[in-house]
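Student: Could you walk me through this structure? I would like to learn how each term is earned.

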Amino acid sequence: MKRVITYGTFDLLHYGHINLLQRAKKYGDYLIVALSTDEFNWNAKHKKSYFSYEKRKRLLEAIRYVDLVIPENSWHQKLTDIKEYHVDTFVMGDDWAGKFDFLEEKTTVDVIYLPRTPEVSTTQIKEELQNKGDVED
Ligand code: C2G
């Protein structure tokens, strides 16, 4: 069984995330998503997710490409995750290009960066909703 792992917050889940997960799954038979916890989001990424970890986990577990969701609570867990879950391929969007190449030196994983879906982001969704609200007020 070929195992793939990817990491993220996946808040306000949108089709850019789905595109990533769908393409990541193509590299194996089993896709693990390490989902940023609320604390990690706040302490390490300085962002507060709209949906709690439990709700974001539930959303991800409903996606056909996703086989397992585990918590991401540190920048530094990737090496242990790769070993613990016998991961063959590490996949991230290319906004992270180059940032995780070190994993190939320290483990047997292939590190793959996939093109982001260009026209969608959580920030943009929030801004457009905000502007719409301004207009309708
Ligand atoms: N993504 C994408 N296209 C978009 C938006 C996101 O392909 N339009 C990808 C990102 O490149 C990432 C994944 O979807 O691979 C999850 O995105 P985020 O939730 O924004 O993840 P991020 O906050 O970058 O956290 O340790 C790694 C971090 O946890 C990654």
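Student: What makes G93 a polar contact of the ligand?

Tutor: A polar contact is a pair of N or O atoms within 3.5 Å. A backbone N or O atom of G93 lies 2.9 Å from an oxygen atom of the ligand, so the pair meets that cut-off. Do keep in mind that this is a predicted model, where local features need pLDDT of at least 70, side-chain atom pairs count only at pLDDT 80 or more, and totals for chains, interfaces and linings use all residues. Residues are numbered from 1 along each chain as its sequence is written, and side-chain values use heavy atoms, with hydrogens and water left out.

Student: Which atoms of W96 and T117 pair with the ligand?

Tutor: W96 brings a side-chain N or O atom 2.9 Å from a ligand oxygen. T117 uses a backbone N or O atom, 2.8 Å from a ligand nitrogen.

Student: How many residues surround the ligand?

Tutor: There are 21, and F10, E72, D95, T117 and V120 are the closest. To count, a residue needs a heavy atom within 4 Å of the ligand. Helix α1 gives the largest share, 3 residues.

Student: Why is the pair of R56 and D38 called a salt bridge?

Tutor: The term requires a side-chain nitrogen of Lys or Arg within 4 Å of a carboxyl oxygen of Asp or Glu. For R56 and D38 the closest N and O atoms are 2.7 Å apart, so the name fits. R56 lies in helix α3 and D38 in helix α2, so the pair ties together parts 18 residues apart in sequence. Helices here are DSSP runs (H or I, at least four residues), numbered from the N terminus. By this rule there are 5 salt bridges.

Conventions
Polar contact = N/O pair within 3.5 Å; in protein donor to acceptor, adjacent residues only side chain to side chain. Helix = DSSP H or I, 4+ residues; strand = E, 2+ residues; numbered from the N terminus.
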